[in-house]
Amino acid sequence: EWNNRPYFAMAFVDGENLEALVDRMGPLQEGHVLSWIRPVADAVSYLHTQKRPIIHRDIKPGNIIVTKDGRPFLVDFGIAKVITSSLWRNKTTRAARAVSGGYSPLEQYTRGGTDARSDVYALGATLYHLLTGVSPPEAPDIASGVVKLPEPHLFNRKISHWTEQVILKAMQQKPEDRFQSVRDLLNTLPR
């Protein structure tokens, strides 16, 4: 706190965010993407399993920085929420005041509240963008039928069928149709 205003400080991570990398290189190689997403997902799973779970709510390529030696870091916890004792019963947060188009699930736009499955959606959308070079459509547009989520292989024929299926399951519009935890998603990713 400084001058009666709260500030959020974090360590400087020297590297390139994955959004800039995709913008520069186009779709990324699946092996590289999976090697970066695994530790990020592992960190998110750790946050979700704390005594007071933390939901990040803003996972996207621009919030993952890869250092020169290839280590990924998840940054920007600006809209993260701790699930407090008042929310503990249903383990959800209230609707967010901010969304990231293409990466935020439908429940983050509505009063439905977010939970660990919201971060599952964002991880799936992040994989989608990194492997296709295309930002996914916004969840409300998909849910309303205005647009259909194009299958990832239509943009990148090199994506394995298994990884594509993981992405599509993670990005289901109904939380109950997604992986129920980031650990489930991690355990299903190809090795």
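In this predicted model, strand 1 runs antiparallel to strand 3 (residues 64–67), and three bridges hold the pairing together on paper. One of the residues involved is Gly15, whose bridge partner in strand 3 is Thr67. As a bit of background, strands of a sheet pair through backbone hydrogen bonds, in either a parallel or an antiparallel way.

Stepping back to the whole sheet, there are three strands in the order 1-3-4, the sheet is open, and the pairing is antiparallel. Strand 1 (15–17) and strand 4 (72–74) sit at the edges, each with pairing on one side only. On average, and with direction ignored, neighbouring strands of this sheet are turned by 30° against each other. Helix 2 (residues 30–48) packs on the sheet, where helix 2 touches strand 3 and strand 4. The direction of helix 2 makes about 35° with that of strand 4.

Helix 2 turns up again in the packing of helix 6 (residues 161–170). The buried residues of helix 6 are Thr163, Glu164, Val166, Ile167, Leu168 and Ala170. What do they pack against? The partners are helix 2, helix 4 (116–132) and helix 7.

Helix 7 spans residues 182–188 and includes Leu186. With a relative accessible area of 5%, Leu186 falls under the 20% cut-off, so Leu186 is buried. Setting aside residues up to four places away in sequence, Leu186 touches Arg38, Ala41, Asp42 and Arg191. The pair Leu186 and Ala41 is worth a look: 145 residues separate the two in sequence, yet C-alpha to C-alpha they are 6.8 Å apart in space.

Next comes Ser104, which lies in the loop between strand 5 (81–82) and helix 3 (106–109). Is Ser104 buried or exposed? Ser104 counts as buried, because its relative accessibility is 1% and the limit for burial is 20%. The side chain of Ser104 reaches the backbone nitrogen of Ser100 at 2.8 Å. Beyond its neighbours within four places in sequence, Ser104 is in contact with Val99, Tyr109, Tyr121 and Ala139.

Ser104 also helps to line a cavity. Rolling a probe the size of a water molecule over the atoms shows where empty space is left. Across the whole structure, the search turns up one cavity of 30 Å³ or more. The space in the largest cavity comes to about 30 Å³. Which residues line the largest cavity? They are Arg57, Asp58, Ile59, Tyr103, Ser104, Pro105, Gln108, Ser118 and Ala122.

Arg57, one of the lining residues, has a backbone quirk of its own: a positive phi of about 70°, although Arg57 is not a glycine. Arg57 is found in the loop between strand 2 (54–55) and strand 3. At 4% relative accessibility, Arg57 counts as buried.

Asn3 is another non-glycine residue with a positive phi, in this case about 55°. Asn3 belongs to the segment before strand 1. Because its relative accessibility is 57%, and exposed means over 50%, Asn3 counts as exposed. So of these two residues with positive phi, Arg57 is buried, whereas Asn3 is exposed.

Conventions. Residues are numbered from 1 along each chain as its sequence is written. This is a predicted model: local features need pLDDT of at least 70, side-chain atom pairs count only at pLDDT 80 or more; totals for chains, interfaces and linings use all residues. Side-chain values use heavy atoms; hydrogens and water are left out. Two strands pair if DSSP finds at least two bridges between them. Helices (H or I, at least four residues) and strands (E, at least two) are DSSP runs, numbered from the N terminus. Axes are lines fitted to C-alpha atoms, for helices over the stretch in contact, and angles run from 0 to 180 degrees between N-to-C directions. Contact means heavy atoms within 4.5 Å. Buried means under 20% relative accessible area, exposed over 50%, partly exposed in between (1.4 Å probe, protein chains only). A polar contact is a pair of N or O atoms within 3.5 Å; within protein, one must be able to donate a hydrogen and the other to accept it, and residues adjacent in sequence count only if both atoms are side-chain atoms. On a 1 Å grid over the protein atoms alone, a cavity is a set of points where a 1.4 Å probe fits but cannot get out, and a pocket is an open set with protein on both sides within 12 Å along at least five of seven lines; lining residues have an atom within 4 Å of a point. Grid points are joined across faces, edges and corners, and a volume is the space filled by probe spheres set on the points.
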